[in-house]
Amino acid sequence: MKSLIDKLEFNRILSKEEFTFLLSNFNEETSEYLFEKAIKTAKTYFGNSIYTRGLIEFTNYCKNDCYYCGIRRSNPDIERYHLSKEDILSCCSNGYSLGFRTYVLQGGEDMSYSDEDIAEIVSAIKREFPDCAVTLSIGERSYESYERYFKAGADRYLLRHETANPQHYGLLHPKVQTALNRQQCLKDLKKIGYQVGTGFMVGSPYQTRSDIAEDLLFIKDLAPEMIGIGPFIPHHATPFANFPQGSLNLTLFLIGLLRLMIPNSLIPATTALGTIDPNGREKGILAGANVVMPNLSPVKVRKKYSLYDNKICTGEEAAECRLCLQNRMKNIGYNLAVDRGDFVPLEKIN
Ligand code: SAM
């Protein structure tokens, strides 16, 4: 197993069989061996700095019906909300004074915002905060829509592929949603010039180790600038309410593998990781992640953006997520950077 990790570090890729073998047989010793290399790799590119992204969850309306997600269209038990442009700008302004230089606008696929609305929100943020990056995470759109947001100033786009295996994708989504379309969206985003993020849930229902190996190969092939993975966590009002949550150790192991596979990629220690373990985000950094995404949404809407049960940072006490994370990172020897935290291609580093 250690020689496979050495091989991954050297070649930046393994075969599907080798990944499947590692994922099926890793243990504490293998993980420690991997994390040491992953931390060293992350430090080569980012030192002790952790990039931050201010997450603004601006709508929980969604036209989709993903079986795992708490804000799916068919969940009648949540109070829906969406933020106005002014609300969003006020989150950004609060974030700017706290030291954020990237805003991530994430939401369900809420068609009440037209392309023009989204473009106007993006350009208003760029006008007011020209030194900040804007990331969109609003799901599957047409090439023309993505192009329009890009021209308005959007820099980055997060769209997890969820699972690279089309059969598995079909078990997680209704028929109208396809792996093919999601993957096409990722190609479109790359072509347009966005810094692109993809990823998947670890331990989603019916996922096999071989599916995860396919996810790793898909990611290597796409070469995204950002890679977000987090454990699947059940939500009580979804068809997957009774499935077990994803494993902490497997998620951490995967972060380590991803760091060796694409060494300069931007990998967050996600909120989902912090939800399944009180020190999950610190553990994510110590497995090779280099980004955290504190919540910047108005406190009054945070509980309503419930993708899964028991999500952290939704109460009044968590109003200043950045300060909390700053302390958490300091405790493990890292500091939060006040920086856009753009992706830097390897050829520009070496
Ligand atoms: N609508 C956009 C999209 O489809 O990309 C962005 C919002 S969507 C809710 C963001 C991500 O949340 C999804 O890509 C999915 O991986 C994650 N997610 C949804 N439900 C989850 C759950 N029950 N456990 C963990 N992650 C979940």
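**Exercise 1.** Find which backbone atom of glutamate 79 lies 3.0 Å from a polar atom of the side chain of asparagine 60, and place asparagine 60 in the predicted model.

*Solution.*
Step 1. The atom of glutamate 79 is its backbone oxygen. The pair is a polar contact (N or O atoms within 3.5 Å; within protein, one must be able to donate a hydrogen and the other to accept it, and residues adjacent in sequence count only if both atoms are side-chain atoms).
Step 2. The side chain of asparagine 60 also has a polar atom 2.7 Å from the backbone nitrogen of tyrosine 81.
Step 3. Asparagine 60 sits in the loop between β2 (54–59) and α4 (85–98); helices (H or I, at least four residues) and strands (E, at least two) are DSSP runs, numbered from the N terminus.
Step 4. With a relative accessible area of 0%, asparagine 60 is buried (under 20%; 1.4 Å probe, protein chains only).

Residues are numbered from 1 along each chain as its sequence is written. In this predicted model, local features need pLDDT of at least 70 and side-chain atom pairs pLDDT 80 or more, while totals for chains, interfaces and linings use all residues, and side-chain values use heavy atoms, without hydrogens and water.

**Exercise 2.** State how far a nitrogen atom of the ligand is from a polar backbone atom of glycine 107, and how much of the ligand the protein covers.

*Solution.*
Step 1. The distance to glycine 107 is 2.9 Å.
Step 2. The protein covers 93% of the 560 Å² of accessible area that the ligand has on its own (Shrake-Rupley method, 1.4 Å probe).
Step 3. An oxygen atom of the ligand is 2.9 Å from an N or O atom in the side chain of arginine 160.

Conventions:
Buried < 20%, exposed > 50% of the residue type's maximum accessible area, 1.4 Å probe, protein only.
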